[in-house]
Amino acid sequence: MPEEMKANPGGHIDPEYVFGRDHLIEMIWDRLEQQCVLINAERRIGKTCVIKRMVAHPRQGWFPIFQDLEKIRSADEFARSVYDVISHYLGRWQLIASTARQFYEDHEFGDFKKKAARPWKTLLTKTIEDLMAQKAKTVQRLVLFWDEVPYMIDNIRKQDGEQAAAEVLDTLRSLRQEHPELRMVFTGSIGLHHVLASINAAHVATAPVNDMFSVEVTPLAPADAEALAKALIKGEKLVTTDLDRAATTVADEADCFPFYIHNIVGALKRDSLPADPDQIRELVQRQLVDPNDPWELAHFRTRIGIYYPKGNDAKLVLLILDTLATTDQPLGVNALQNAVNSQTETLESPEHLRDLLKLLHRDHYVTRTMAGEYEFRFPLIRRWWKLDRGL
Amino acid sequence: MSDSDFIWRFTPSRTEPQLLEDIFVQRHGLLDDLLEKAAESVRTGNRHHLLLVGPRGIGKTHLISLLHHRIIQDESLAPRVRIAWFLEDETVTSFAQLLKRTYELLAEQHPDEFPLEWLRNLLGRPTEQIQRELETRLVAEFADKTLLLLIENLDLIFEGLGTTGQKQWRSFLQEHPLACIVASTQRLFAPVQKRTEPFFGFFAPIHLKPLRVQDATELLERIAATRQQQDLVAFLNTPDGRSRVRALHHLAGGNHRIYIVLSGFITRESLDELVQPFEKMADELTPYYQERMRWLSPQQRQIVEYLCSQESPVMPKEIALNLMAAENTISSQLKKLLEYGYVLRNPRGRESLYELAEPLMRLTSELKDKRHKPLRLLVDFLRVWYRCEQLPELLGNACSASLKMHLSAAIERCQSSPDPRMELLQAEIENAKAEGRVQDLIELLEERAHADDSLQNWLELASGLFDVERYEEAIECFDNALNIDSDSECALVLKGISLHQLNRDQAAIESYDRALRINAKDAFIWNCKAASFCKLGCHEAAIECNDMALTISPQDASVWNDKGFSLNDLGRYAAAIECFVKALELEPQHAPTWFNKARAHYFQGQFDAAIDCLERSLEIDPRYGYAWCNKAIALDYVGRHDAALECYDKSLEIDPQNAIAWSNKGISLISVGLYDAAIECCNKALEIEPARSAAKFNKAEALIATARWEAGFRQLVEAFCVHPENADSDDASIVHFIHSKSDGPEQLRQNVETLIGIYAEAGQLTRLGDGLVRSLKKINADMLSEKALTLWRDLWLELGSPHIELELPLRIFRVGIEYLIQHDDRVLLDLITTERRILQQALGLEPADSDSMSGQSDR
């Protein structure tokens, strides 16, 4: 790892400068030997850094291709984009994507006038078939890293309807089933379950990713977070009397989120502050109570209405989170139910509570202890929640 | 002024880069940081995306222009980077257009690499194909280079791109991280701010702060310097000059652009030179402010218009009442206006009051509505530009009706409201205090004291000077205060303390005596007087003053401590310890008192008690560096070198620049035989304090101990050169190491000869003689043959006898060696009583023996 680097919140991180992800990466490569992988994490937790590092340093025998799919608005665009990238890489191997190319050239987009006539599914299927057909001739296995899949599916849903969105996911699933050697890694910063919920709400049945192994990108391990903080403090040439203590404080205050570690060190530099533990703590406190919400943490509150639109769910979720924010100990379902019921009468049953907790877990609000009790997933968010809600 | 010297006010990107460098202020650190981040983006795979945020005129383009200039001037960066600079008015409506425009901007600078012909050939094809071709081309071109995108008004580019274009751009940058982006915007906008948007968190926002008065002064000085107006540079540093800068600041509100516009006013003295150009400037700037108003939503505009009509900051409640709106709506709009830089917030208790960030914003309403009335902006300007007492004379000389109207209004306002110059000055003083700008604060206090010659103002200035250790000037100010009130106890005491700091304690005592004549019951003054006596070495007098203070305030632990300190210096350690005990009864958690008590024990040779006290002081203050160092020294004395070394390390961890600790650690290391480490420590001490003689002697000793004779002797010579009279050498150890480490009789002879030569040259043979005698104790006679001891003795007798200073030591040394050979007390009788006592001490023999021998000797 580099000894020093400049704080770079939001920028592109050189794969050589990605701290503390090697263990996770090894685990994902191990899993890819067996099946496809679904990576889900909030924006800015560092999932793209993970996959960029995997792409930069693939395990021997693998050939990774990275695509960001957030821009894709239709199934057709998706198929064409996959075709473009795969034919490019097949070209690199000095092979031809024969079937798909034939198909594509027969249907050059400039000649198409009606989008509905565009057979995206055939193009996608044939592209993958070409790929798998050529695979036997190569020594390397290809893995497709597709970033922001939920956004793409949501875009397709909005533009072409639920049916088209479900069809894309189902097609990809059937391709995985038909070609057991095919490997895909989906990543997304909004939970795919929310997009699927919208599709299912339109009475379109689909369960398109339950064959994929789900991986969560967590914050860094404390030692890695400290190493990153140390490299940034050195890179920014911050004044400090005790580099180790400063790095520990930054890592601790940022809850080991690399994005916030970059942010804290960047802010210290911007304000010409020394990397002194008290200054670091004060700065983070200022960020958390800043009315301009520079870390956009209010999103964790404002999205609740959108994520949990049914009945009084949003109100209940607020009560659950308020309860967990003000309790020092993790709480079991019964204790949570009592706490919520003491403030409202809308909680129908423990099952309702369990369902909500399951969703909150998937949306990274809460986590479960070994004893099965619930607590805030990230202490930093809990700390902000208390301040924001005036608890 | 030549064309190239013209400062473009509204399009700084057209200004000559060198001129922009010359007038650049306030943001040097930020520019360096931007440059470093751009450089890292070029040299590594990291790509920074930075967003400069600030209202119009705050200096965003200036900063971007300089970044551009510096990068293209940097020979190590320029070949590896290509810059596409989107100026303020660029419009794009799709991602394909963004790529096309990027290519065109690159082509302007590097036509060979980015031929426009290639682009022309693409046009006419389907947009998707053009986009793909441009993507592929840029990715290929930047395979081994970095694209630096400088984008002004990024919000407008985002608006043009729309959601689809933004997603395409973001995906492109994710898949091909070829660009470092430095962009600017007037405010943060949803596509970069909201977590659901593709560019959320993509840019690191950098909020540009407005100019402060001191930055503005520097800006004006730099502008004056570029125009070779040396008189103006000098004027800006006078109180009047500073006052005028504040007047401009009042109008410009920290906006760079407005400062540059107003910079021409600063030296205009006569009203004719001032008023007409002011009106002209107001007329010219009105469209600018009107445009800024148009940019706001109707409700935000109403709020700003309301603030334009107000004389002083107002609360949101009042604004809501007058605009017939809900208070929370107004508060949220004010928050936005604050963020956009239109208003300032002044906290008052739990409330906030708001005012215009730029008073010139009033132009938008004043010129529109009040043509028949005095222009309030001009009235205010006259009041801050001239002192109130100057205005009637100016009115008497005024010719035009308009001028008379404005001056009359200014005079009227002077009578009905406080002097705005003093208010601005006071506000700036408060700012300087809050921001800890000590130097600026002093200048401001100085200005205030000269403008308003009051006791309080002089005292505050003097205290400010005292705080930054400018004692001479502080004393002058205390004298000015005393000229106003000769009985100011505060001025007399603080003047005394200032004199004390300058080692003029006799004068300090006189000042304290004056204060005591006014108030003899103030224990603090007595204690100050005691401190001055103490510094003069008059400890008895100091103790008398301490006693006076204790009569008044017997429970004052600090006085007991001070008294103990004086007693310590008088060598009355037991009495000193009593004082420290009292002080500690009153204030047991005072680490320095424990430290002083330790000193008293230490000087009495009570090392264990000293160590206990130092441990107490360190329990209270674990970062008390001197206590760690002294504890180490005490531990060395009791032979606990390992523990001592740990304490030295603690002391050096707290203060790595403590030369005493490094030097003493060297001694400790010599004691445990770690000579190389000792040399390193001595080197450290000498790096910090090159003339530290003890460190030089210790180093010489360690070098000699490791038989590095030449270096050791050279170091010894050097050590004597620094401080021959007060040499801090362990001569006995040096003699001992020469004896024990020399290889063979020849080297031994040579070394003894050299050593005697060095001490003789330094005039320190008496020290050497003393060391020679004390070295006897270090000889392990059981391990040495009689022959070796005889050789050692004879060598000294032969080489030392020509030096008269060594006559007595050699006599004692000879008998000492005899004693070590024979182990027979009778040998000692060769010496007379006094000489025999010296030898007995040197050999560490029992005093009883000494007494009995003394008797024998007499016979």
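**Figure 1. Leu51(B) and Ala183(B) face each other across two paired strands of chain B.** This is a predicted model, and we start in the middle of a sheet. Leu51(B) stands opposite Ala183(B), a residue of β4(B). The two strands here are β1 (residues 49-53) and β4 (residues 179-185) of chain B, and five bridges join them. They run parallel. If you're new to sheets, here's the basic idea: strands pair through backbone hydrogen bonds, either parallel or antiparallel.

**Figure 2. Zooming out gives the whole five-stranded sheet of chain B.** Follow the strands across and you'll read the order β2-β3-β4-β1-β5, with parallel pairing in an open sheet. Which strands sit at the edges? They are β2 and β5 (204-207) of chain B, and each of them pairs on one side only. Neighbouring strands in this sheet are turned against each other by 15° on average, if you ignore direction.

**Figure 3. Chain A has an open sheet of five strands too.** In chain A the order reads β2-β3-β4-β1-β5, and the pairing is parallel. At the edges stand β2 (62-68) and β5 (213-216) of chain A; each has a single partner strand, so one side of each is left without a neighbour in the sheet. On average, neighbouring strands here are turned by 20° against each other, direction ignored. Look for the spot where β1 (residues 37-40) of chain A meets β5(A): four bridges join this parallel pair. Over there, Asn40(A) stands opposite Glu216(A), which belongs to β5(A).

**Figure 4. Helix α4 of chain B has a buried set of residues.** How far apart should the ends of this helix be? Helix α4 (residues 95-109) of chain B has 15 residues, and at 1.5 Å a residue it should span 21 Å. Its end C-alpha atoms are 22 Å apart, which agrees. Now look at what's tucked away: Phe95(B), Ala96(B), Leu98(B), Leu99(B), Thr102(B), Tyr103(B), Leu105(B) and Leu106(B) are buried. A handy rule for reading a list like that is that an α-helix has 3.6 residues a turn, so residues three or four places apart point the same way. The cover over the buried residues of α4(B) includes β2 (81-86), α5 (116-122), α6 (127-141) and α7 (154-175) of chain B.

**Figure 5. Two helices of chain A, α16 and α17, cross each other.** The axes of α16 (residues 333-341) and α17 (residues 350-362) of chain A come within 10 Å and cross at roughly 105°. That's why α16(A) and α17(A) count as roughly perpendicular to each other. Where they meet, α16(A) brings Val333(A), Leu336(A) and Gln337(A), while α17(A) brings Pro350(A), Leu353(A) and Arg354(A). Sorted by class, this contact has four nonpolar residues, one polar and one charged.

**Figure 6. Here chain A touches chain B.** On each side of the contact there's a set of residues: 32 of chain A are in contact with 32 of chain B. On the chain A side, β2 and α11 (258-270) each supply at least two residues. Which element gives the most to that side? It's α11(A), with four residues. By class, the chain A side divides into eight nonpolar, eleven polar and 13 charged residues.

**Figure 7. Cys256(A) and Met324(B) both have a positive phi.** Cys256(A) has a phi near 65°, a positive value in a residue other than glycine. You'll find Cys256(A) in the loop between α10 (243-253) and α11 of chain A. Is Cys256(A) buried or exposed? With 25 C-beta neighbours inside 10 Å, Cys256(A) counts as buried. Met324(B) isn't a glycine either, and its phi is about 55°. Look for Met324(B) in the loop between α15 (316-323) and α16 (327-340) of chain B. With 7 other C-beta atoms within 10 Å, Met324(B) is exposed.

**Figure 8. Arg767(B) lies 7.1 Å from Asp731(B), C-alpha to C-alpha.** In sequence, these two are 36 residues apart. Arg767(B) is part of helix α41 (residues 765-774) of chain B. Arg767(B) has 17 other C-beta atoms within 10 Å, so it's partly exposed.

Technical notes. Residues are numbered from 1 along each chain as its sequence is written. Chains are lettered from A and ligands numbered from 1 in the order in which they are written. This is a predicted model: local features need pLDDT of at least 70, side-chain atom pairs count only at pLDDT 80 or more; totals for chains, interfaces and linings use all residues. The expected span of a helix is 1.5 Å times one less than its number of residues. A residue is buried if 20 or more other C-beta atoms lie within 10 Å of its own, exposed if 12 or fewer, and partly exposed in between; C-beta atoms are placed from the backbone. Two residues are in contact if their C-beta atoms, placed from the backbone, lie within 7 Å. Axes are lines fitted to C-alpha atoms, for helices over the stretch in contact, and angles run from 0 to 180 degrees between N-to-C directions. Angles under 35 degrees count as roughly parallel, over 145 as roughly antiparallel, 65 to 115 as roughly perpendicular and the rest as oblique. Ala, Val, Leu, Ile, Met, Phe, Trp, Tyr, Cys and Pro count as nonpolar, Asp, Glu, Lys and Arg as charged, and the others, Gly among them, as polar. Two strands pair if DSSP finds at least two bridges between them.
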